[in-house]
Structure formats: C-alpha cells, structure tokens
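Subject: Structure for you to look at

Hello,

Here is the structure I said I would pass on. My notes on it follow below.

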Amino acid sequence: MAKLHRVGIFGGTFDPVHQGHEHLARQAADHGQLDVVIWLPTRAPSHKKQIVASYEDRCAMVETAIATTPHFKLMRLPPTPTSYGIDLWQTVHQHYPHSQYYWLLGWDSFASLPYWYQRQALIPKVTWLVAPRCDPPSPSSSQVFEQLHQQNLKLRWQFLPITPQTLSATAIRQAYQAQRNPQGVSTAVKAYIRDRGLYQP
Ligand code: ATP
C-alpha cells in the first residue's frame, strides 16, 4: 500500500508571524516526519481576539517567512466570516485527501481545545503536535486532560521536545507601538512591516 502523505496543519492569526512560529513548524516537521506543513492565517478569529494587520498582509508576511523552506506552504481560506479549526481541516483535506493529518499548535491553543467548535468531529481526524510556551505549562496538563476526559474526548497527541520560546505576536506589536526594535522577527518580515507601515503607533 502506498505511504500516506503526512500533512501538517498550522493555523494562527500570524499578526505578525514570528520565529516562535517558525521554530514550532520546523520542529514539528522533523519530529512528525511531515511531507508538508500548511500555514493557514485565519480570517477572523473564532474567539474574541483583535487582529491588527489585514488578511492579505498577514498572508504576505507568512509567505515571506516561509519562502526559503520548500515543504512549508501557505493556503488561503475561503472568505467565510469565521475560521474554526474544522474549517481549516476541511480546506486542507480538499487539497490533500487521503493523508495523515497533524495539527501544530502551542500549549495555550491546545488548552482551549475542550471549547473548540465541532471538536468531537475534528479531534479524531488529526494527531496533535503540541509545543510548550512556558515551563511548567499553564494551565496545567492535568486540568486540560481532565476537561477532555469529562467530555469523553480521546486524542492522539505528542508533546514536541523543544525549549519553550517566550516570543509572542502581542509582545512584537507592543514593541512596534513603543518604537522599540522587536525581538524574534526575521529580517525579511521586518522589512515587509516597515515597507507597509504596519503596527505603527
Ligand atoms: P498573539 O500574541 O497575538 O496571541 P501568538 O504569538 O500566540 O499571537 P498566533 O498566530 O496566535 O501567535 O499563534 C498561532 C499558533 O502558534 C498557536 O497555536 C500558538 O499557540 C502557537 N505559538 C505562537 N507563538 C508560539 C511560541 N513562541 N512557542 C510555541 N508556540 C507558539
């Protein structure tokens, strides 16, 4: 039987994309032996989170960040009002049917899984590759697994063996607002932000 394509799904606001995202994607691709990692900037957050840069700018920043990594690809979502996890999976599934799917995410996103829309449908379709964001993880893993257990949600998941990176897009936007040089943004993405005048006070 032909080997199934191993497809990583990496959703986020990427406002802006930073080296914490790139590190997570590289480590997950190595660890999960992924053939491809699909980056999907979300159009509107499925939770109440303010997005600053436009969808096109966020896509362009991701394209810039992944340009030199052939197995990283950007995929645009259809223009629907929300981007739930199940919508991302469906978009990827249309392009890569009959594959094995791996969902890349940080612990903070994983901890919200017990509240995701249509989680019962999504959870069995993927293996969850989870990156730490701080040590010890917060909320604690026992809290998160207790919530999943209470809902009878069983999942395949792996913790990526990587050192937590404290980078966040929020801190980067705050640095721009304070006219400080942001940490953890690649030179090419910084140039895009400068040329487009994004995140200015
Ligand atoms: P914000 O600060 O605006 O909330 P963010 O830095 O968390 O943004 P997102 O685009 O929301 O970036 O994140 C996309 C995915 O990448 C999420 O699953 C998130 O947990 C993960 N992620 C972001 N930054 C890191 C990091 N430094 N280490 C590990 N995972 C990360």
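I start with H98, which counts as exposed because its relative accessibility is 67%. The model is a predicted one. H98 belongs to the loop that runs between helix 3 (85-95) and strand 4. Its phi is near 50°, a positive value in a residue other than glycine.

Other backbone points:

- N152 also has a positive phi, near 60°, and is not a glycine. The residue sits in the loop between helix 6 (141-150) and strand 6 (156-159), and its relative accessible area of 58% makes N152 exposed.
- Q179, just after helix 7, takes a positive phi of about 60°.
- The peptide bond joining D15 and P16 is cis, with omega at about 5°. P16 is in the loop between strand 1 and helix 1 (19-31).

Next, the aromatic residues. Searching the whole structure gives 16 aromatic pairs. In one of them, F10 and W39, the ring centres are 4.9 Å apart and the planes stand at 65°, so this pair is edge-to-face. F10 is in strand 1 (residues 5-12) and W39 in strand 2 (residues 36-41), so the pair ties together parts that are 29 residues apart in sequence. Both F10 and W39 are buried.

Another pair is W103 with W128: the centres are 5.6 Å apart and the planes are at 35°, so the pair is tilted. This pair links distant parts of the chain, with W103 in strand 4 (residues 99-106) and W128 in strand 5 (residues 126-131), 25 residues apart. W103 and W128 are buried as well. There is also one aromatic cluster formed by W107, F110, F145, W157 and F159.

Two charged side chains lie over rings. R43 is over the face of Y55, 3.9 Å from the ring centre. K125 has its charged end over the ring of W89, at 4.6 Å from the centre of that ring.

Several of these aromatics come back in the largest nonpolar core, which has 63 residues; the members that touch the most others are V37, W39, M61, V92, W103, F110 and W128. Helix 2 (residues 55-66) gives the most to this core, with 7 residues. As for V92, its contacts, leaving out residues up to four places away in sequence, are V7, I9, I38, L40, M75 and Y101.

Helix 2 also holds E56. Is E56 buried or partly exposed? E56 counts as partly exposed, because its relative accessibility is 45% and the class covers values between 20% and 50%. Again leaving out residues up to four places away in sequence, E56 touches R76 and Y192. From E56 to P41 the C-alpha atoms are 9.4 Å apart in space, with the two positions 15 residues apart in sequence numbering.

Last, helix 7 (residues 169-177). Which of its residues are buried? They are A169, I172, R173, A175 and Y176. Seen down the helix axis, these buried residues fall within an arc of 155°, so they line one face of helix 7. An α-helix has 3.6 residues a turn, so residues three or four places apart point the same way. The buried residues of helix 7 pack against helix 8 (187-196).

Regards

Technical notes. Residues numbered from 1 in each chain as written. Predicted model: local features only at pLDDT ≥ 70, side-chain atom pairs only at ≥ 80, totals over all residues. Heavy atoms only, no water. Buried < 20%, exposed > 50% of the residue type's maximum accessible area, 1.4 Å probe, protein only. Helix = DSSP H or I, 4+ residues; strand = E, 2+ residues; numbered from the N terminus. Arc of directions from axis to C-beta. Contact = heavy atoms within 4.5 Å. Phe/Tyr/Trp six-rings, centres within 6.5 Å; stacked < 30°, edge-to-face > 60°. Lys NZ or Arg CZ within 6 Å of the ring centre and 35° of its normal. Core = buried A, V, L, I, M, F, W, Y, C linked by side-chain atoms within 4.5 Å.
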